[in-house]
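Hi everyone, thanks for coming. I'd like to walk you through a structure that may be new to you, so please have a look at it with me.

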Amino acid sequence: MFVGACENEPWTAIGADGSVRGTEAGLIQKFAASIDATIRWEAAAMSDLVTMMKNNELDLVIGGLTDDTPWSDRISPTRPYQEAPDLDGSMKKMVIGVRPGENALQVSLERFLAEDAGEL
């Protein structure tokens, strides 16, 4: 599974060696293990990751995306899996970007996220 990550702590952090860690990285690692998949990480700016997804080079994109992401015309956001406070004190709904047309992957990921949150 090819996963793009954009630096946006605490959701994602990119190490000098290219390693990816953070809250969303941990979720994706658990998801990959649940479907017996190996992750290949690609760290870049979100605009570059969205272009890579459009070119079918990535399956998922993480980096603190919210349900009001400006990229929703190029990625398929999951249902919100968590709420987090924004800088202005409002609550934002966190999502993960899935390559459009990957319905089975999106359903599998959303089920995993619901189970992880204790909703199922």
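I'll go through the sheet, the helices on it, a hairpin, and then a couple of single residues.

One thing to keep in mind from the start: this is a predicted model.

Let's begin with the sheet. It is an open sheet of 5 strands, in the order 4-1-5-9-6, and the pairing is mixed. Which strands stand at the edges? Those are strand 4, residues 40-43, and strand 6, residues 76-77. Each of them has a single partner strand, so one side of each is left without a neighbour in the sheet.

Now look at how strand 4 is held in place in that order. Strand 1, residues 2-5, runs parallel to strand 4, and 4 bridges join the two. If you want a spot to find on screen, Gly 4 stands opposite Glu 42 in strand 4. As a general reminder, strands of a sheet pair through backbone hydrogen bonds, either parallel or antiparallel.

Next, the helices. Helix 1, residues 23-34, lies across strand 1, strand 4 and strand 5, and runs at about 150° to strand 5. Helix 2 lies across strand 1, strand 4, strand 5 and strand 9, and its angle to strand 5 is about 170°.

For an antiparallel example, go to strand 7, residues 82-85, and strand 8, residues 91-94, which are joined by 4 bridges. Here Pro 85 stands opposite Met 91 in strand 8. The hairpin has 5 residues between the strands, and Gly 89 takes a positive phi near 95° in it.

Now for my first single residue, Asp 59, in the loop between helix 2 and strand 5. Is Asp 59 buried or exposed? Its relative accessibility is 12%, and buried means under 20%, so Asp 59 counts as buried. And what does its side chain make a polar contact with? The partner is the side chain of Arg 99, at 2.7 Å. Beyond its neighbours within four places in sequence, Asp 59 is in contact with several residues, including Met 1, Phe 2, Met 53 and Leu 105.

My second residue is Glu 102, in the loop between strand 9 and helix 3, residues 103-116. Glu 102 is partly exposed, with a relative accessible area of 28%. Thr 66 is 36 residues away from Glu 102 along the chain, and their C-alpha atoms are separated by 19 Å.

That's the tour, and I'm happy to go back to any part of it.

How values were computed: Residues numbered from 1 in each chain as written. Predicted model: local features only at pLDDT ≥ 70, side-chain atom pairs only at ≥ 80, totals over all residues. Heavy atoms only, no water. Pairing = 2+ DSSP bridges. Buried < 20%, exposed > 50% of the residue type's maximum accessible area, 1.4 Å probe, protein only. Polar contact = N/O pair within 3.5 Å; in protein donor to acceptor, adjacent residues only side chain to side chain. Contact = heavy atoms within 4.5 Å. Axes fitted to C-alpha atoms, helices over the stretch in contact; angles between N-to-C directions.
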